[in-house]
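Student: Could we go through this structure together, beginning with its overall make-up and then moving to particular contacts?

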Amino acid sequence: MAKNTNERKARAVPSSRIGRVGRLGALAGKIAGNVVTNGASQWIKGERPALSALLLTPKNITNIANQLATMRGAAMKLGQLISMDTGDFLPPELATILARLREDADPMPKAQLNATLNAQWGESWHDDLLYFSYAPVAAASIGQVHKVITMDGKMLAAKVQYPGVRKSISSDVDNVATLIKLTGLVPKSLDIGPLLEEAKIQLHQEADYHREASMLTRYKDAVAQHNDTELSHQFVIPSVHPQLTTDSVLAMDFIEASPLDAAMNAPQETRNRLMTSLFKLFFNEIFGFRLLQSDPNLANYRYKEDTQQWVLLDFGATREVPDDIALGYQALLQSAASGSQQDMQHAALQVGLINQEHSDAQRDLVIALGMEACEAIREDGPYDFGNSDLLPRLHDKGVALTMQHDFWHTPPVDALFIHRKLGGLYMLAKRLDTQVNMRAAAKPWLTP
């Protein structure tokens, strides 16, 4: 279980490129030292350990996880991107590292926080506020959040970016990718270059708080103006406070709400309704708003127990959905609902999930996997996510497709983010033990 943010020891964020590279260099040296020590002791015993076994000792795993968490920024965020908020389908060693990275980060010291706010708000910023809590209410990969009360009594949440994060993104991603490859947890044959470049782009966007403020406002307006008022009333989204928002500080409404786990204690009917609203929102993001909040991190969902509403947070990973991708996925949805493999293959080619170079056998396997992934949409009534084994089934068949049938293919980045968000919703639906009528949720986007 993650520690309460207030209980964590404050640790300074290394803000210079040299300082951050030095941290990784020191980590590599520490790992190498442990490898030599452990290897020598085993050789003396007549054993011949594999290098991967020496690298992935509990001690080294702890060192890797703690160092990346201390660096915050891209070093921590990259682990979160890879993990998709679950370690269920990952090697246990990598899952251990990523579990540490999914926890709240260690907050930065008061002196470093003050220096950051002096640079962003001016050195007299204390005089312009009625209250500022130095104890962060949350500390994540890019920044930490503080409670603020303005002179007119408005309660705000101020997300303060860690110093040096923005300018270190590209080098952090490259260095961490090298470190992860070194452990042997990523197959050498897998080209993760395009994904790493996209990770850099997304992280630069997430570190641009003016952009996040704009996306937050656009998204909030889209939900508020939705013609299904019942759906729009299911969500509470904060408003931006522009007077205190800068490129490194994002100020918005502070909304009192409980962590996601509070929703797990709600009655079955309430949980079903809550999850149905999230799936409806997802379909609207793709086909209506053309604006996707692509990060399925469970910390982005809070629950207002008094009104039984979702509170949606963190819009740094929000991205526009291109028209051709939206139309292609609507065709995929229609083909899945009708059970037409021929239509799904045509749509998959249109989206770029398969291409002309794939064999007929490979295409058939991909389409069969797609049909199985969409089985909930063909269910006559609510689909029982709580008792479904869909996710492990998809994982096993996906691994078999890649390893046994040589299907090495990276689809368009927009498709990857759509799949990532949908996968996160599937996991949330299972965690909340819900039953959702997916066909009814998607009805506005299906042809009768």
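Tutor: The questions and answers below move from the whole chain to a sheet, its loops and two helix pairs.

Student: Before the details, how many helices and strands are in the protein?
Tutor: The model is a predicted one, and it should be read as such. Of its 448 residues, 51% count as buried, and residues 24 or more positions apart account for 72% of the contacts with a separation of 6 or more. The protein holds 17 helices and 12 strands.

Student: In what order do the 3 strands of the open sheet stand?
Tutor: Strand β8 (residues 301-304) is joined to strand β9 (residues 309-312) by 4 bridges, and the two run antiparallel. β5 pairs with β9 as well, in the parallel sense and over 2 bridges. The pairing in this open sheet is mixed, and the order is β5-β9-β8.

Student: Which strands stand at the edges of that sheet?
Tutor: The order of the open sheet is β5-β9-β8. Each edge strand has a single partner strand, so one side of it is left without a neighbour in the sheet. The edge strands are β5 (235-236) and β8.

Student: Which residue of β9 stands opposite Y303?
Tutor: The bridges of β9 can be followed residue by residue: Y301 has L312 as its bridge partner, and K304 stands opposite Q309. F235 is placed opposite W310 in β9. The residue opposite Y303 is likewise W310.

Student: Which residues of β9 point the other way from Q309 and V311?
Tutor: In a regular strand the side chains alternate between the two faces of the sheet. In β9, Q309 and V311 point one way, and these two residues are buried, as are the residues that point the other way. Those are W310 and L312.

Student: What is the phi of Q308, and is this residue buried or partly exposed?
Tutor: Q308 lies in the loop between β8 and β9, strands that form a hairpin with 4 residues between them. Its phi is near 55°, a positive value in a residue other than glycine. With a relative accessible area of 32%, Q308 counts as partly exposed.

Student: Where is R290 found, and what is its relative accessibility?
Tutor: R290 is found in the loop between α11 and β7 (291-293). Its phi is near 55°, a positive value in a residue other than glycine. R290 counts as partly exposed because buried means under 20% relative accessible area, and its relative accessibility is 23%.

Student: At what angle does helix α11 run to β9?
Tutor: Helix α11 spans residues 268-289 and lies across the strands β5, β8 and β9. Its direction relative to β9 is given by an angle of about 40°.

Student: How are α11 and α16 oriented to each other, roughly parallel or roughly antiparallel?
Tutor: Two packed helices are described by the angle between their axes and the distance between the axes. For α11 and α16 the angle is about 175° and the axes are 10 Å apart. Angles over 145 degrees count as roughly antiparallel, and α11 and α16 are therefore roughly antiparallel.

Student: How many residues in the contact of α11 with α16 are nonpolar?
Tutor: The contact is made by M275, L278, F279, F282, E285 and I286 of α11, together with I418, K421, L422, L425, Y426, L428 and A429 of α16. By class, no residue of this contact is polar and 2 are charged, while the nonpolar ones number 11.

Student: What distance does α16 reach from its first C-alpha to its last?
Tutor: Helix α16 (residues 413-431) has 19 residues, and its span is close to the 27 Å expected at 1.5 Å a residue. Its buried residues include F417, I418, L425 and Y426, and just after α16, D433 takes a positive phi of about 55°. The reach of α16 from first C-alpha to last is 27 Å.

Student: How are α13 and α14 oriented to each other, roughly antiparallel or roughly perpendicular?
Tutor: The axes of α13 (residues 341-351) and α14 (residues 360-373) come within 10 Å and cross at roughly 105°. Their contact is made by Q341, M344, Q345, A348 and L349 of α13 and by R363, D364, I367, G370 and M371 of α14, which divide into 5 nonpolar, 3 polar and 2 charged residues. With that crossing angle, α13 and α14 are therefore roughly perpendicular.

Definitions and conventions. Residues numbered from 1 in each chain as written. Predicted model: local features only at pLDDT ≥ 70, side-chain atom pairs only at ≥ 80, totals over all residues. Heavy atoms only, no water. Axes fitted to C-alpha atoms, helices over the stretch in contact; angles between N-to-C directions. Parallel < 35°, antiparallel > 145°, perpendicular 65-115°, else oblique. Contact = heavy atoms within 4.5 Å. Nonpolar A, V, L, I, M, F, W, Y, C, P; charged D, E, K, R; others polar. Pairing = 2+ DSSP bridges. Expected span 1.5 Å × (residues − 1). Buried < 20%, exposed > 50% of the residue type's maximum accessible area, 1.4 Å probe, protein only.
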